[in-house]
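Reader: Hi! I'm new to reading structures, could you walk me through this one?
Author: Happy to, let's look at it together.

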Amino acid sequence: MIVALLQQFGFSVASLLAAVVNYTFWILLAFIFASILFSWFPGYPSSSFMQAIYDAVKAVTNPILWPIRSRVPMLQLGGFGIDLSPIIAILGLYIARSLLFIVIEQFIQPVTG
C-alpha cells in the first residue's frame with residue numbers, strides 16, 4: 001500500500017532507499033571524522049555544549065569502532081601509537097554503501113519500478 005502511494009506521487013522506492021543509504025553513510029562518516037578530531041584532544045571539553053557533542057559522537061561511533069579496536073592492535077611508531085580502527089571503519093562504510101547500492105539497483109528497482 002505504501003509503495004503504491006509513493007508511486008502515485010511520483011516517488012521511486014529504489015531512489016528513496018538509495019537516498020537513505022547515502023545520507024546514512026555521510027552522517028556516519030562525519031561522526032567518525034568528528035571522533036578522530038576529538039581523539040586528538042583527549043581531555044573532556046569544559047563547555048556543556050561541547051560535552052554534549054562529545055558524548056553524542058562517542059555514543060554513535062563506539063559501537064562501530066570498539067569491535068574493530070578489540071581485534072586490530074594499534075600501530076606503534078616510536079613513542080606513540082596510531083589507531084587504525086577509523087580507517088578500517090571508513091573502508092567498511094564505503095564497501096557497505098556500494099553493496100547496498102548494488103542490491104537496490106539489481107533487486108529492488110526491478111520489482112518496485
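Reader: Is Ala30 buried, exposed or partly exposed?
Author: Ala30 counts as partly exposed, because its relative accessibility is 45%, and that value lies between the 20% limit for buried and the 50% limit for exposed. Keep in mind that this is a predicted model.

Reader: Cool! Where is Ala30 found?
Author: Ala30 is in helix H2. Its C-alpha atom is 9.4 Å from that of Val57, a residue 27 places away along the chain.

Reader: And at what angle do H2 and H3 pack?
Author: Helix H2 (residues 13-39) packs against helix H3 (residues 48-71) at about 115°, and their axes are 9 Å apart. That angle makes H2 roughly perpendicular to H3, because 65 to 115 degrees counts as roughly perpendicular. The crossing of H2 past H3 is left-handed.

Reader: Which residues in H2 and H3 meet?
Author: From H2, they include Phe31, Ser35 and Phe38, and among those in H3 are Tyr54, Val57 and Lys58. Sorted by class, the contact between H2 and H3 has 13 nonpolar, two polar and one charged residues.

Reader: New topic! Which residues make up the largest nonpolar core?
Author: There are eight: Phe25, Leu29, Ile32, Leu65, Ile68, Ala89, Ile90 and Leu93. H2, H3 and helix H4 (85-112) each give two or more residues to this core.

Reader: Which residues does Ile90 touch?
Author: Leaving aside residues up to four places away in sequence, Ile90 touches Leu29, Ile32 and Phe33. Leu29 and Ile32 also belong to that largest nonpolar core.

Technical notes
Residues numbered from 1 in each chain as written. Predicted model: local features only at pLDDT ≥ 70, side-chain atom pairs only at ≥ 80, totals over all residues. Heavy atoms only, no water. Axes fitted to C-alpha atoms, helices over the stretch in contact; angles between N-to-C directions. Helix = DSSP H or I, 4+ residues; strand = E, 2+ residues; numbered from the N terminus. Parallel < 35°, antiparallel > 145°, perpendicular 65-115°, else oblique. Left-handed = near helix turned anticlockwise from the far one by under 90°. Contact = heavy atoms within 4.5 Å. Nonpolar A, V, L, I, M, F, W, Y, C, P; charged D, E, K, R; others polar. Core = buried A, V, L, I, M, F, W, Y, C linked by side-chain atoms within 4.5 Å. Buried < 20%, exposed > 50% of the residue type's maximum accessible area, 1.4 Å probe, protein only.
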